[in-house]
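Work through these exercises with the sequence and the model open. Try each task before reading its solution.

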Amino acid sequence: MITVYSEAHQQHHGAAELDRGRLVPCVEQPARAEAVLQALTAANLGPIVSPDDVPIDILARVHEVGYLHFLKTAFTRWRQVHPDSDALPYCWPPSGRGHPPPSLYGQLGHYAYDAGTPITAGTWEAATAAVRVTLSALRHLHAGARMAFALCRPPGHHAGPDYYGGYCFFNNAAVAAQAWTEAGARVAILDVDYHHGNGTQDLFYRRDDVLVISIHADPAEEYPFYWGHADERGEGPGRGYNHNLPLPWGTGWTGYREALDQALSLVAAFKPDGLVVSLGLDTYAQDPIARFALTSDDYPLLGRAIATLNLPTLFVLEGGYHLATLGHHTVAVLRSFALQAATS
Ligand code: Q9C
Ligand code: ZN
């Protein structure tokens, strides 16, 4: 299996996030990707290569140009007034979003939906590198590989057409699905991160050409709260092409496996040419910000189950915050997928 990785991710390192009323150290840190890289290297799973110098003009067909321009310039604007801190919003529009106001603070609240996702000096560099990593990994699938892994951060699945949050700025998985679709493939996205992939849902909500399925903690009790319910099924031509499988806090492998089987049946029925997996490892019982109960033994089962779809598969790293096991679990999914794929 081929992995694509760029050390440019290190340039995104926020100091603090607002979590339930307190500023706490950022959970989404560079050490995450380093841990995955180290485990992959040790496991000898295959080559780990740098991204190609791929164009990222596709970003403008996934995200709105006003949003892209804001992200590109926000930190420079922020630094002129706040030389020693990251950019965080503190005020939001109460009833719908309207147009972004001229004020930087107003724009931060307009484009960000939470205060847990600081923009830092290197956020643009790191986030665009994550897109390049993802598109480069996709190229290996175009070249005939059965699987590839985009080892990227910041993650992406919470980023929508014109908003960021949940540690995400560009929706890497959605960019891959869009690019793959433009290359003529019928694509499904399976999101196994603990949190609902609200950005991915919104990006494809009115489309029937990309199937989006997410298994996640019930938004009735868990972030991102305002999306991810079972009755969100898509709109207009997209009706029936979005599926949410919310599960209660405390869900272990038995409950998870049932939802996964449903998700896999839905993917198979769609008859896609390719699969993008939003691979979050924050379903682990010890994850510091999550409340599922998967164990280390479950990740090989997850990889093997996904492989039974028998599809060219792009894995894109999303969440997972238990640093001591994050690499091990990522390897477990990818290795078991590779082994199963080799026999089918
Ligand atoms: N300090 C992903 O897994 N913050 N994003 C919750 C915890 C939001 C998670 C508060 C969690 C977002 C990609
Ligand atoms: Zn997550």
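**Exercise 1. The largest pocket**

How do the residues of the lining of the largest pocket divide into nonpolar, polar and charged? Then give the pocket's volume and its central residues.

Solution.
- Step 1. This is a predicted model.
- Step 2. Take the classes: the lining has 17 nonpolar, seven polar and nine charged residues.
- Step 3. Take the total: 33 residues line the largest pocket.
- Step 4. Look at the centre, where D19, R20, E222, Y223 and F225 lie nearest.
- Step 5. Ask which element gives the largest share of the lining: it is strand β2 (residues 16-19), with three residues.
- Step 6. The volume of the largest pocket is about 760 Å³.

**Exercise 2. The ligand and its shell**

Place ligand 1, then describe the residues around it.

Solution.
- Step 1. Ligand 1 takes up the space of the largest pocket.
- Step 2. Its shell has 14 residues, with E17, D19, G166, D282 and Y321 the closest.
- Step 3. Sort the shell by class: five residues are nonpolar, five are polar and four are charged.

**Exercise 3. Polar contacts of the ligand**

Which side chains place an N or O atom 2.6 Å, 3.1 Å and 3.4 Å from an atom of ligand 1? Apply a cut-off of 3.5 Å for a polar contact.

Solution.
- Step 1. Start with Y321: a side-chain N or O atom there is 2.6 Å from an oxygen atom of ligand 1.
- Step 2. Go to D282, whose side chain has an N or O atom 3.1 Å from a ligand oxygen.
- Step 3. Turn to a nitrogen atom of ligand 1: an N or O atom in the side chain of Y167 is 3.4 Å away.
- Step 4. Add the surface view. Ligand 1 alone exposes 400 Å², and the protein buries 92% of that.

**Exercise 4. The enclosed space**

How many cavities of 30 Å³ or more does the structure hold? Describe the largest.

Solution.
- Step 1. The structure holds one cavity of that size.
- Step 2. The largest cavity contains about 50 Å³ of space.
- Step 3. Its lining is formed by H12, G14, C26, E28, G116, T117, P118 and Y167.
- Step 4. By class, three of these residues are nonpolar, four are polar and one is charged.
- Step 5. Link back to Exercise 3: Y167 lines this cavity, and its side chain also has an N or O atom 3.4 Å from a nitrogen of ligand 1.

**Exercise 5. Backbone checks**

Where are the cis peptide bonds at P154 and P224, and where is the positive phi of N44?

Solution.
- Step 1. Recall the background: most peptide bonds are trans, and most residues other than glycine have a negative phi.
- Step 2. The bond from R153 to P154 is cis, with omega near 0 degrees. P154 is in the loop between β5 (147-151) and α5 (172-182).
- Step 3. Y223 and P224 are also joined by a cis bond, with omega about 10 degrees. The loop between β7 (210-217) and β8 (242-247) holds P224.
- Step 4. N44 is not a glycine, yet its phi is positive, about 55 degrees. N44 sits in the loop between α1 (30-43) and β4 (48-49).

Technical notes
Residues numbered from 1 in each chain as written. Chains lettered and ligands numbered in written order. Predicted model: local features only at pLDDT ≥ 70, side-chain atom pairs only at ≥ 80, totals over all residues. Heavy atoms only, no water. Near = heavy atom within 4 Å. Polar contact = N/O pair within 3.5 Å; in protein donor to acceptor, adjacent residues only side chain to side chain. Areas by Shrake-Rupley, 256 points an atom, 1.4 Å probe, with all protein chains shown as cover. 1 Å grid on protein atoms, 1.4 Å probe; cavity = no way out; pocket = protein on both sides within 12 Å on 5 of 7 lines; lining within 4 Å. Sits in = over half its atoms within 2 Å of the grid points. Nonpolar A, V, L, I, M, F, W, Y, C, P; charged D, E, K, R; others polar. Points joined across faces, edges and corners; volume = space filled by probe spheres on them. Helix = DSSP H or I, 4+ residues; strand = E, 2+ residues; numbered from the N terminus.
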